[in-house]
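Let's take a walk through this one together. Have a look at the fold below, and then we'll go from its aromatic rings to its ligand.

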Amino acid sequence: MLSEQQIIQYQGTTDLLKDRIILVTGAGDGIGKAAALAFAQAGATVILAGRTVAKLEHIYDQIVAADYVQPVIYPIDLEGAVAEDYDQLAVALDQQFGRLDGLLLNAGVLGQRTPLSNYRHDVWDKVMHINITAQFQMAQALMPVLEKSNDASVVFTSSGVGRQGRAFWGAYAISKFAIEGMVQTWAAELDGVGSVRINAINPGATSTNMRAQAYPAENPENLKTAEQIMPAYLYLLGPDSDKVNGQSINAQNR
Ligand SMILES: NC(=O)c1ccc[n+]([C@@H]2O[C@H](COP(=O)([O-])OP(=O)(O)OC[C@H]3O[C@@H](n4cnc5c(N)ncnc54)[C@H](OP(=O)(O)O)[C@@H]3O)[C@@H](O)[C@H]2O)c1
């Protein structure tokens with residue numbers, strides 16, 4: 001495995017992800033959008049999954065205009081989706097591609113920034129559902145189609161507040177702790193079995209809508225852009241990380 005610095009500075013070949021089928025959730029905005037574009041630029045066929053179709057169409061058009069491999073739009077709202085929806089997605093991927101090589105589980109919500117003693121139960125339920133339950137359900141449903149790939153990479157999205165508790169981060173932080181635990185548990189189960197690896201990525205402070213919502217007074221120009229943190233994403237979704245399993249990787253220096 002590369003060192004943290006090497007991963008942060010990773011530069012794959014221009015066709016690093018050629019012939020790979022990669023699904024990105026939350027592909028319409030922020031980090032997911034940058035990842036979808038970076039993966040397409042590296043030669044992947046990207047399935048753009050997300051809830052706001054107009055945003056997905058915009059990325060679709062950008063990818064086609066750049067002459068990258070034609071992507072696929074797959075509208076899905078993780079708040080309302082149930083097991084059958086994920087099964088349907090698995091069937092659609094199997095029918096169209098016969099396998100899935102990469103799954104970037106990136107979509108997430110922030111919830112409230114408030115003490116747990118005041119935290120609203122409806123917000124808790126929504127954040128936990130989108131940030132952990134839906135992530136598990138989608139990955140579980142897609143496992144059979146991932147197992148059809150020779151080298152499949154599943155990447156869940158964590159956060160610094162999912163490793164060290166911090167005041168006022170509420171259900172968001174707790175859901176990211178759960179992501180770290182799920183990655184360790186699942187990766188241990190898959191270690192040495194088959195060809196699917198499971199890791200977590202911690203983007204670090206990145207200029208997106210979510211970051212602005214969490215830190216409204218911050219100057220976004222002092223932050224990394226989503227494009228700047230793509231090396232770690234490319235490394236984890238590409239063949240150079242084929243032996244990496246059960247890790248929680250930082251996409252930028254802390
Ligand atoms: N930015 C940071 O500094 C930072 C730091 C640590 C971790 N992260 C993590 O990185 C990931 C991406 O965050 P971001 O900063 O790029 O946030 P963002 O700009 O708010 O983007 C979040 C994405 O998730 C999608 N999404 C939200 N709820 C959804 C739902 N119910 N169903 C389907 N898609 C849904 C959004 O879709 P719409 O566009 O349709 O709303 C959007 O595409 C998240 O998991 C976040 O926790 C971010």
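Start with the aromatic rings: in this predicted model, counting ring centres within 6.5 Å of each other as a pair, you get six aromatic pairs. Take Phe136 and Trp186 as an example: their ring centres sit 5.9 Å apart, inside the 6.5 Å limit, and their planes meet at 50°, so this pair counts as tilted rather than stacked or edge-to-face. What does the pair link? It ties together distant parts of the chain, since Phe136 belongs to helix H5 and Trp186 to helix H6, 50 residues apart.

Now stay with H5 for a moment. This helix covers residues 121-146, which makes 26 residues. At 1.5 Å a residue, H5 should span 38 Å, and its end C-alpha atoms are 35 Å apart, so the two values agree. The helix does have a bend, though: at His129, H5 turns by about 40°.

Helix H6 leads us on to the ligand, because residues 170-190 make up H6 and this helix supplies at least two residues of the shell there. Helix H2 (30-41) and helix H7 (209-214) each give at least two as well. The largest share, three residues, comes from H7.

How many residues surround the ligand? There are 29, and the closest are Thr52, Lys55, Asn106, Tyr172 and Thr208. Sorted by class, the shell is a mix of ten nonpolar, twelve polar and seven charged residues.

The backbone joins in too. One ligand oxygen lies 3.2 Å from a polar backbone atom of Gly26, and a ligand oxygen is 2.8 Å from one of Ile31. A ligand nitrogen is 2.8 Å from a polar backbone atom of Leu78. Taken on its own, the ligand has 900 Å² of accessible area, and the protein covers 93% of that.

Note on methods
Residues numbered from 1 in each chain as written. Predicted model: local features only at pLDDT ≥ 70, side-chain atom pairs only at ≥ 80, totals over all residues. Heavy atoms only, no water. Near = heavy atom within 4 Å. Polar contact = N/O pair within 3.5 Å; in protein donor to acceptor, adjacent residues only side chain to side chain. Areas by Shrake-Rupley, 256 points an atom, 1.4 Å probe, with all protein chains shown as cover. Helix = DSSP H or I, 4+ residues; strand = E, 2+ residues; numbered from the N terminus. Nonpolar A, V, L, I, M, F, W, Y, C, P; charged D, E, K, R; others polar. Expected span 1.5 Å × (residues − 1). Bend = angle between axes of the 7 residues up to and from the residue. Phe/Tyr/Trp six-rings, centres within 6.5 Å; stacked < 30°, edge-to-face > 60°.
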